[in-house]
Amino acid sequence: MNHLGFDTEKLKIGSFDFTCCEGCQLQLANKEATLPEFLALLDIRNFREISSERLDDYDIALVEGSITRSDEVERLKAIRAQAKVLVAYGTCACFGGMNAQKNKFPKEECIRTVYGDKEIDTMQESHKISDFVTVDYSIPGCPVNKEEVERIVVSIATRSPIGLPKYPVCVECKQRLNTCLFDLGEVCLGPISRAGCDAVCPSGKTPCLGCRGPADDINYASFTDLVRDKGLSTEEMREKLAFYNGFTEYLNHEG
Amino acid sequence: MKVDFNIDIHHLPRVEGHGDIRISVRDGKLADAKWAVVETPRFFEVMVKGLSAERVPFLTSRICGICSISHSLASIRSLERAMQITPPETARVIRLLAMHGETLQSHALHLFFLAAPDFAGTPSVVPLLQSHPEVVEAGLMLKELGNELSIATCGRATHPVSLVLGGVSKAPSKQRLAEIRRMNVERRAMLDRASDFFMTLRIPEFVRETEFISLRDGESYPYIGGNLVSTDGVVRDENDYLLMTNEYTVDFSTSKFTRVSRESSAAGALARFNNNFDQLHPRAKEAAAAFGLQPVCHNPFMNNVAQLVECHHIVASTEAIIDQLLDDDLKDIRTSYKPRAGAATGAVEAPRGVLYHYMETDENGKVVKADCIIPTTQNNANIHHDLHALAEQALAEGKGEKEVEKLCEMLVRSYDPCISCSVH
Ligand code: SF4
Ligand code: SF4
Ligand code: SF4
């Protein structure tokens, strides 16, 4: 059987980073107990952060980071041309990520504040990679959840169907028997964010900031009602919704 | 024989971020040597403007995927000092343990995944899995111990969830702390095994005198806060960080350069070691002696050894920190506060060196101004001048193009640069 054009056992994989913190790539070196087994599945052809080998015959490209400079678009298109499967890897790549917080300032102001008179190339906006190329799969998260990455990579290797949880973070949060942060007077984006992180933030008693973007079929109106009914700040809610750039279409709703 | 060649390493591999090494040799003489950072800037100092102080550490931690705990704590420290918030003692100890976890994880990543292949002559750690499985296993287990410490104290290894203004939002459970304590005891043997391996490696001989900058509080090996000190005798208050950095731009780099008393200076494990040797745990001092490392050491390649010595310090002192937490009821972990206007610097010793965040808030607790100066920024000029001196030395010793290239790559890597962090 042949799936997505692969007939070899080891997946030829490349990992590439654009404007980002490289935290998502770094997750590939985490979960140390299962790391040798995970690596055994892969033929790493190009992964600058951990290897000086650079081979350009990869099938799968994990693309991390958002696009904020003109030369990045060309590099991204070259990667797309080579890869059979291109994965948007992490929140920066999927949504533009927290880098998009700079979008609210004119780029001239950004450059002047940080570099003074020095000339620097930067785009006005931080772009998700699907603004420039076709993306086959998206793995959201800031950072990505290594377990989910393993599951998806193994699914590709074993030719199984791939999907992200459709339900929101609240489901996982309740499975972990946490006290709901709304009851402690905080605005949490758990009711509208896509699960798959095992509700790591609310489990650490910190509100979800929605790094995985919206879950399927969210009830945004009732979420904003909840915030109002609890007497919480809608300004704070909007700051949180804007944090990772995953909720832009909702932010513009009359909420 | 007079030779001409150019070394042009585009996007140096096995470092975090994008930097180039450019060297040209004419008639057997060094004509030019550059350390050129080409990373895309992200403009964090602008992004935080208008953001609520409590949200800022969650944003600034994203400056770096390797040392997110340091960035989070530098922001927290600057904002707490700016808004006059004093976190409870228990939170201070939990934060210190978090720093230890991050440093151990980061040093293990650098030593085993990024630097060891240079010494072993392999392109990555993957061939070492076959040739030196016990060494890779030791590295993985130390890295995992670091990550477990971070997960227990911060909720997650990369991008902490429970480090917040006023303290920590959730304390680690005692059961988890006891487990990690056991893990720490067990893994001491791994560290000894790793040290034996590193003992067999030949460290290049190269010395260029420089000034080493770090924190020092005179009470413990430095991690969070303290005076800014240098091996040239400079001592400054944390809030005077600008006098300790003097940032400037150069036309070939998107990351800035800094200087203090000389043309360049260095931060990082070797700088901490050089300034705070007396505060190291005896077991770490023993490890240093076994490698012949003494303060003040001016060989940048010894930064790798200083990192290993710090791993010994962390593993040796972690048990006492955990015991302190096990004796505590872990209830008083977070102070509530009212937003207020203020300004202050927070300095912490990130794995790669002293990290400064400066923040100004308005009376509503929104950030109005910010400045972040990152360890690699402080090392850029030193790397740049070292490259020049090293290439000259290698040419004088009659080394050819390939050898010069390899040495230069190893030199930059020995600083463990964190480039996307430096272009924040
Ligand atoms: S998504 Fe988050 S962790 Fe991943 S690269 Fe972007 S900022 Fe870093
Ligand atoms: S804390 Fe957040 S994720 Fe958890 S139940 Fe409440 S709203 Fe949902
Ligand atoms: S809880 Fe929310 S912010 Fe935290 S990891 Fe999950 S989706 Fe991201």
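## A tour of chain B and ligand 1

In chain B, the 45 positive and 55 negative charges have mean positions that lie 4 Å apart. To see this, select Lys and Arg as the positive set and Asp and Glu as the negative set. Please keep in mind throughout that the model is predicted.

Next, display chain B as a cartoon. Its secondary structure consists of 14 helices and 12 strands. Align the view to the principal axes: the C-alpha atoms of chain B occupy a box of roughly 70 × 45 × 35 Å. The radius of gyration of chain B is 21 Å, which agrees with the value near 22 Å that a compact globule of 424 residues would have.

Now turn to the contacts within chain B. Of those between residues at least 6 apart in sequence, 71% link residues at least 24 apart.

Add a surface to chain B. The exposed area is about 13,900 Å², and carbon and sulfur atoms contribute 48% of that area. Colour the residues by burial as well: 67% of the 424 residues in chain B are buried.

Finally, select ligand 1 and show chain A alongside chain B. Where does ligand 1 lie? Ligand 1 is situated between chains A and B. Expand the selection to the surrounding residues, of which there are 14. The closest are A:Cys21, A:Cys24, A:Cys92, A:Cys142 and B:His159. Then highlight two elements of chain A, helix 1 (23-27) and helix 4 (91-95): each provides at least two residues of the shell around ligand 1.

Note on methods: Residues numbered from 1 in each chain as written. Chains lettered and ligands numbered in written order. Predicted model: local features only at pLDDT ≥ 70, side-chain atom pairs only at ≥ 80, totals over all residues. Heavy atoms only, no water. Helix = DSSP H or I, 4+ residues; strand = E, 2+ residues; numbered from the N terminus. Rg over C-alpha atoms; globule rule 2.2 N^0.38 Å. Buried < 20%, exposed > 50% of the residue type's maximum accessible area, 1.4 Å probe, protein only. Contact = heavy atoms within 4.5 Å. Areas by Shrake-Rupley, 256 points an atom, 1.4 Å probe, with all protein chains shown as cover. Charge placed at Lys NZ, Arg CZ, Asp CG, Glu CD. Near = heavy atom within 4 Å.
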